[in-house]
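The following note sets out points for a colleague's consideration. It moves from charged pairs to helix packing and closes with a single aromatic residue.

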Amino acid sequence: MSSILDQDIKFLPNVGPKTKEILSKELGINSYGDLLEYFPYKYVDRSKIFHISELTPDMPYVQIKGKILSYEERDTGKRNSMLVAHFSDGYGVADLIWFRGTQYILKNFKVGTEYIVFGKPSVYGGRFQFTHPDMDDASKLQITEMGMQPFYGMTEIMKKRGYSSRSIEKITKSLVRILPPLPETLPDFLINRLHLVSRDAALRMIHYPHSHQEMQKAQVRLKFEELFYVQLNILRYASDQRRKYRGYVFNRIGDIFNGFYAHNLPFELTGAQKRVMHEIRADMCSGKQMNRLLQGDVGSGKTLVALMTMLIALDNGYQACLMAPTEILAEQHLQTIREFLKGMDIRVELLTGIVKGKKRKEILDGLATGAVQILIGTHAVLEDPVSFCRLGIAVIDEQHRFGVEQRARLWAKSANPPHVLVMTATPIPRTLAMTIYGDLDVSVIDQLPPGRKPVRTLHKFDNQLTSLYQSIRRQIELGRQVYVVFPLIKESEKMDLKNLEEGYETLKQAFPEFSLSKIHGKMKSAEKEEEMERFVKGETQILVATTVIEVGVNVPNASVMVILDAQRFGLSQLHQLRGRVGRGSDQSYCILVTNYKLSEETRKRIDIMCDTNDGFQIAEADLKLRGPGDLEGTQQSGMAFDLKIANIAKDGQLVQLARTEAQAIIDNDPLCEKPQNSILWNRLRELKKTNINWAAIS
Ligand code: ADP
Ligand code: MG
């Protein structure tokens, strides 16, 4: 069904071929609908005009109305000039200042014409000034019309081509003017009970609110709708899954589990591990398919929980698999698990991209016959030719590198979908978990094994390297090992690699008496493994690496984690990296090295890291500082729903409300057949057609 919202934006006034192209390329706006849903990211109240005599330097953006008395061009040296306009509103005089585009200003803004000037006032030499203010011809801007001015996001390229938030504002306004009333997308009973404004009103007001109140009403309606459909989609999917599939019932605790527990378990389980095992057991006996997310800080002992869970499947005659995000990690899991199972007659195999030829065929055959009981692997396990005889449980380590899509592909690996346990060390705040992992139950290991000393975190500036090297040397002389991590950011991979190579050489020279390993993402797997192996065995004392070591690597003897250019890492990444040390009984250190110029946000990140080792606190702080779009995991996994207006960090209450309402509807109409809900299911179908990320979920 085509609607006016599918119209090409080229039919709008003010949208020529150039504008059409740039909107499409830079912002993905092609249709009326796209434009209508390109929401402002902020508003500024332009309903009030101040007198210059009322201004104070601590005011945010304000507007004044008056005339330019005269222009003055000042030479600021260094071949730069500055344009100053002396501006008066009859109550006082202020200076308007431009450093760029001065010719344009001189040509367009005339002495004696009345303008509305909008900007942030500051004081210089006893006078108020506005640098690069917004200027509007007062006669063309009607004050009564001016409520909240919307601000639209812009790319650098757009700015360079002379587009501004104002350009989008104009086009959007012209669209809103010609739009017929838009159909409703929520049922009346919800709109009435929650006192929401109509969709038609909301979409108009969001671009053009006359007051703060209107802006809020529009936001609440659109945010709720967005979150509500995300929840409805997840919950309906979960409910369908549960209805369609029975879960395997694993109620036998047999020789394998008991044998392991009695003879091989090298330590007492922590209270948290025990509790989680109870939760998992209850799931596996329930007759429903388990879909559980296991959160536990780095080093909390998730691997052991995974192993015991897999042993229960074995006891019930099924196979198990454990998937890790990288080959290094899969290899480590293999070693750990073989070590744990020493002396027991259980066939554990590794399948990654590098296992080839005869060995691979052997493993594949073993999986098909059931001879291979536990398979450890990477994404390769999901490749088509891999088929199990009786896969009973799949454990996915570090979920944030695994998309929902891959999880879904597991279903296809067995007649009945296996139980699924997803483990993550990136603690996810509740509202986010609800949105991303809405179909999963959650268990938390909130306790570390006894005897761990919290890692001490220090901040150093990069001109303090000499003393840093001394500390490193002292630790190595005590028999410890050290990680040195360099940032790697995709956009400038080449430069980062150069950084790492140079850093490696510098460190080699600084520590001629020690051996170094080096690992980065561009190396071949075999090479990486070899280097890692040397470090694990203690043949090298320093491991120079990019973030490839971020997740899961376990070398208990390593006690120092040095993170260079720490300002370039996000909080959760820093926390993950820090989790590589503090795994033995020695005091461990994490040293964050930065330059002197730190933004306020970076400061906060570093402070939080130095203050706490608690992953949940860090995740909350991260969500607040960066917003969920950037949160480690949501992007990599391709799970980030493209939320257009709601903000999971800030709109926690609405997330909760949306969840409750969606759940009530599913409970009340599990087969989606009640007429009063048909508007919902139709809309959901429509949304899924247009949104790839949603499609990945079902
Ligand atoms: P993570 O949760 O980060 O995956 P691991 O499973 O790698 O943590 O466990 C970290 C270390 O703690 C491992 O060396 C593991 O053997 C050890 N460990 C796990 N559980 C316990 C326990 N209950 N008591 C003592 N050590 C434990
Ligand atoms: Mg782990």
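How many salt bridges does the count come to? The count comes to 34 salt bridges. The model under review is a predicted one, and the points below should be read with that in mind.

1. Overall composition. The protein contains 24 helices and 22 strands. Of its 698 residues, 54% are buried. Among contacts with a separation of 6 or more, 73% are between residues 24 or more positions apart.

2. The pair Arg 275 and Asp 446. These two side chains form a salt bridge, with an N to O distance of 3.7 Å. Arg 275 belongs to helix α10 (residues 271-285), whereas Asp 446 sits in the loop between β16 (441-445) and β17 (456-461), so the salt bridge ties together parts that are 171 residues apart in sequence. With a relative accessible area of 35%, Arg 275 is partly exposed. Asp 446 has a relative accessible area of 55% and is exposed.

3. The pair Arg 292 and Glu 279. A further salt bridge joins Arg 292 to Glu 279, and the closest N and O atoms are 3.9 Å apart. Because Arg 292 is in strand β10 (residues 291-296) and Glu 279 is in helix α10, this pair ties together parts that are 13 residues apart in sequence. Arg 292 counts as buried, at 8% relative accessibility. Glu 279 counts as partly exposed, at 26% relative accessibility. For the distance given here, the relevant cut-off is that the side-chain nitrogen be within 4 Å of the carboxyl oxygen.

4. Helix α23 and a salt-bridge network. Arg 683 and Glu 686 form a salt bridge in which the closest N and O atoms are 2.9 Å apart. Both residues lie in helix α23 (residues 678-690), and their spacing of three residues is about one turn of the helix. Arg 683 is buried, its relative accessible area being 11%, while Glu 686 is partly exposed at 40%. The two belong to a network of salt bridges that also links Glu 184, Arg 221 and Glu 225.

5. Packing of α8 and α22. Which residues of α8 meet which residues of α22? Before turning to the residues, the geometry may be stated: helix α8 (residues 212-244) packs with helix α22 (residues 652-668) at an angle of about 45 degrees, and the axes are 8 Å apart. This angle makes α8 oblique to α22, and the crossing of the two is right-handed. On the α8 side the contact comprises Val 220, Lys 223, Phe 224, Leu 227, Phe 228, Gln 231, Leu 232, Leu 235, Arg 236 and Ser 239; these meet Leu 654, Val 655, Leu 657, Ala 658, Arg 659, Glu 661, Ala 662, Gln 663, Ile 665 and Ile 666 of α22. By class, the contact of α8 with α22 has 13 nonpolar, three polar and four charged residues.

6. Packing of α9 and α11. Helix α9 (residues 255-264) and helix α11 (residues 302-315) have axes that come within 7 Å and cross at roughly 145 degrees. From α9 the contact involves Asp 255, Ile 256, Phe 257, Phe 260 and Tyr 261, and from α11 it involves Leu 304, Leu 307, Met 308, Leu 311, Ile 312, Leu 314 and Asp 315. The residues of this contact divide into ten nonpolar, no polar and two charged.

7. Packing of α12 and α18. Helix α12 (residues 327-340) and helix α18 (residues 525-536) have axes 10 Å apart and pack at an angle of about 50 degrees. The two helices are therefore oblique to each other, and α12 passes α18 in a right-handed crossing. The α12 residues in contact are Glu 327, Ile 328, Glu 331, Gln 332 and Gln 335, and those of α18 are Ser 525, Lys 528, Glu 529, Met 532, Glu 533 and Val 536. This contact of α12 with α18 has three nonpolar, three polar and five charged residues.

8. The surroundings of Phe 109. Is Phe 109 buried or exposed? With a relative accessible area of 12%, Phe 109 is buried. Phe 109 is placed in the loop between α3 (102-108) and β5 (114-119). Leaving aside residues up to four places away in sequence, Phe 109 touches Ile 68, Tyr 71, Tyr 104, Tyr 115 and Met 135. Phe 109 and Ile 68 are 41 residues apart in sequence, with a C-alpha to C-alpha distance of 8.2 Å.

Technical notes: Residues numbered from 1 in each chain as written. Chains lettered and ligands numbered in written order. Predicted model: local features only at pLDDT ≥ 70, side-chain atom pairs only at ≥ 80, totals over all residues. Heavy atoms only, no water. Helix = DSSP H or I, 4+ residues; strand = E, 2+ residues; numbered from the N terminus. Buried < 20%, exposed > 50% of the residue type's maximum accessible area, 1.4 Å probe, protein only. Axes fitted to C-alpha atoms, helices over the stretch in contact; angles between N-to-C directions. Parallel < 35°, antiparallel > 145°, perpendicular 65-115°, else oblique. Left-handed = near helix turned anticlockwise from the far one by under 90°. Contact = heavy atoms within 4.5 Å. Nonpolar A, V, L, I, M, F, W, Y, C, P; charged D, E, K, R; others polar.
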